[in-house]
Amino acid sequence: MKKQDSPDARGYFGDYGGRFVPETLMAALDELEQAYQEASLDKSFQDDFRHLCRQYIGRPTPLYHAQQLSRQASGATILLKREDLAHTGAHKINNAVGQALLARRMGKKRIIAETGAGQHGVAVAAACALLGLDAIVYMGEEDIARQSPNVHRMKLMGAEVRAVSSGSRTLKDAINEAIRDWVTNVGDTYYLLGSVVGPHPYPLIVRDFQAIIGRETREQMLAMYKRLPDYLIACVGGGSNSIGLFQPFFNDSEVKFIGVEAGGKGLKTKKHAATLTAGRAGVLHGAKSYLLEDSNGQISETHSIAPGLDYPGVGPEHSYYKDIGRARYVAVTDRQAVEGFQLLSATEGIIPALEPAHAIYYAARLAADLPADKIIVVNLSGRGDKDLAIVASFMDKKS
Ligand SMILES: *Cc1c(COP(=O)(O)O)cnc(C)c1O
């Protein structure tokens, strides 16, 4: 079987993906697929995206040689892809701007989105303000209480934030509510999904907009080192920053991929979000992929100290990568992630988001076991200002 770097005609990567949605959404997904295919072949659309990447997002982001961090590990060289320096402080803006451009091209002015911690909501609010689109963001009541600065940011940029009071009042309930809205208003509404999850063609669209991370990394590696890296390491929530880094290296079999999931309080406790490491295949939010469920087949309540990793599903392309052995997936606990957070802050003067702090921890440990001529690239998917209070309260409880 030929290895796939794109989904087949039915929207599957190997056994994963597809469309498990109500009949009313099938036509909307067909329309989206068609519009996206046309846009991806349209030079002026691609030019618009490239222009905003440069002028608005601040791309290309640096590929930074973390000398102090590497020295501390005393092994391989560690490079950081600085998505924390992208506008709004994380990689999510790449996808938000790309899809907002697509919505505008499709003539849809009403944009809906879901958000957990608020990072995707902020990116959507910014992209919609930029392009003159109306943004409605669904967010669980629990998350609204925990993440009030992001709620203020979204409102300042003109988005309407709708509180979701069903279920656990967190991300998965917000997704259900956004899907309900889309079913009702499918004619004039664009659903702007935030990661490489959901029904086909979303995992493909989001991946393609995030692949700018990997394409830049490849160019920067060739310019700086005249070769490709040995390892690419990124944290995996829904899987968009990791697949964005990995995918452009898919056919370079000498480049190893490692996805780092949220081990939470440990895999034995069930309080984690390590979907690929500890889950099994099933259907969630419109696609078949690995997921976390309990013995009754109910979707698990997940836990991670990093809000952006706290999701019981993962993108279908990662499930495929896992099954064919193209990527390896590991779990890092809350405690270890906080160690990574402190390590990068102290060695480099860079405060990472708690999500990529998982990848930093793993990379530092791996680097220590490798010879000095190996190169590891870590995707630093976001900055950590948003997480200071979480880390402070974690340290309080520990002492
Ligand atoms: C949302 C988020 C993630 C997790 O999402 P992916 O789709 O897996 O990339 C990781 N890092 C940061 C900084 C985030 O905001």
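Trainee: How far apart are the centres of domain 1 and domain 2, taken over C-alpha atoms?

Mentor: Domain bounds come from an automatic or database domain assignment, and in this predicted model the centres of domain 1 and domain 2, taken over C-alpha atoms, are separated by 23 Å. The assignment gives domain 1 as 15-53 + 92-206 and domain 2 as 58-89 + 211-398. Residues are numbered from 1 along each chain as its sequence is written. Because the model is predicted, local features need pLDDT of at least 70 and side-chain atom pairs count only at pLDDT 80 or more, whereas totals for chains, interfaces and linings use all residues, and side-chain values use heavy atoms, with hydrogens and water left out.

Trainee: How many residues of domain 1 are in contact with domain 2?

Mentor: Contact means heavy atoms within 4.5 Å, and by that criterion 29 residues of domain 1 are in contact with 33 residues of domain 2.

Trainee: Where does the ligand lie with respect to domain 1 and domain 2?

Mentor: Both domain 1 and domain 2 give residues to the shell around the ligand, so the ligand lies between them. A residue is near a molecule if one of its heavy atoms lies within 4 Å of it, and 16 residues surround the ligand, the closest being Lys92, Ser195, Gly239, Ser240 and Ser381. For the chemical classes, Ala, Val, Leu, Ile, Met, Phe, Trp, Tyr, Cys and Pro count as nonpolar, Asp, Glu, Lys and Arg as charged, and the others, Gly among them, as polar; the shell then divides into three nonpolar, 11 polar and two charged residues.

Trainee: Which side chains have polar atoms at short listed distances from ligand atoms?

Mentor: A polar contact is a pair of N or O atoms within 3.5 Å; within protein, one must be able to donate a hydrogen and the other to accept it, and residues adjacent in sequence count only if both atoms are side-chain atoms. A polar side-chain atom of Ser195 lies 2.6 Å from an oxygen atom of the ligand, and an N or O atom in the side chain of Asn241 is 2.8 Å from an oxygen atom of the ligand. For Ser381, the partner is a nitrogen atom of the ligand, 2.7 Å from a polar side-chain atom. With accessible areas taken from the Shrake-Rupley method with a 1.4 Å probe, and with only the protein chains shown counting as cover for residues, the protein covers 97% of the 380 Å² of accessible area that the ligand has on its own.

Trainee: Is helix H9 largely enclosed or open, and what supports the reading?

Mentor: Helices (H or I, at least four residues) and strands (E, at least two) are DSSP runs, numbered from the N terminus, while buried means under 20% relative accessible area, exposed over 50%, and partly exposed in between (1.4 Å probe, protein chains only). Eight of the nine residues of helix H9 (residues 202-210) are buried, so this helix is largely enclosed by the rest of the structure. The buried residues include Tyr202, Leu204, Arg207 and Gln210.

Trainee: What surrounds Ser319?

Mentor: Ser319 is found in helix H13 (residues 316-324) and counts as buried, at 0% relative accessibility. A polar atom of the Ser319 side chain lies 3.1 Å from the backbone nitrogen of Tyr290. Leaving aside neighbours within four places in sequence, Ser319 is in contact with Tyr16, Leu276, Ser289, Tyr290 and Val314.

Trainee: Which peptide bonds are cis, and which residues other than glycine have a positive phi?

Mentor: Most residues other than glycine have a negative phi, and most peptide bonds are trans. A cis peptide bond joins Arg59 and Pro60, with omega about -5°, and Pro60 is found in the loop between helix H2 (43-57) and strand E3 (63-65). The peptide bond from His200 to Pro201 is also cis, with omega near 10°, and Pro201 lies in the loop between strand E8 (189-191) and H9. As for phi, Thr88 has a positive value of about 75°; Thr88 sits in the loop between strand E4 (77-82) and helix H4 (92-105) and is partly exposed, with a relative accessible area of 22%. Lys270 has a positive phi near 70°, lies in the loop between strand E10 (256-264) and helix H12 (275-278), and counts as exposed at 68% relative accessibility.
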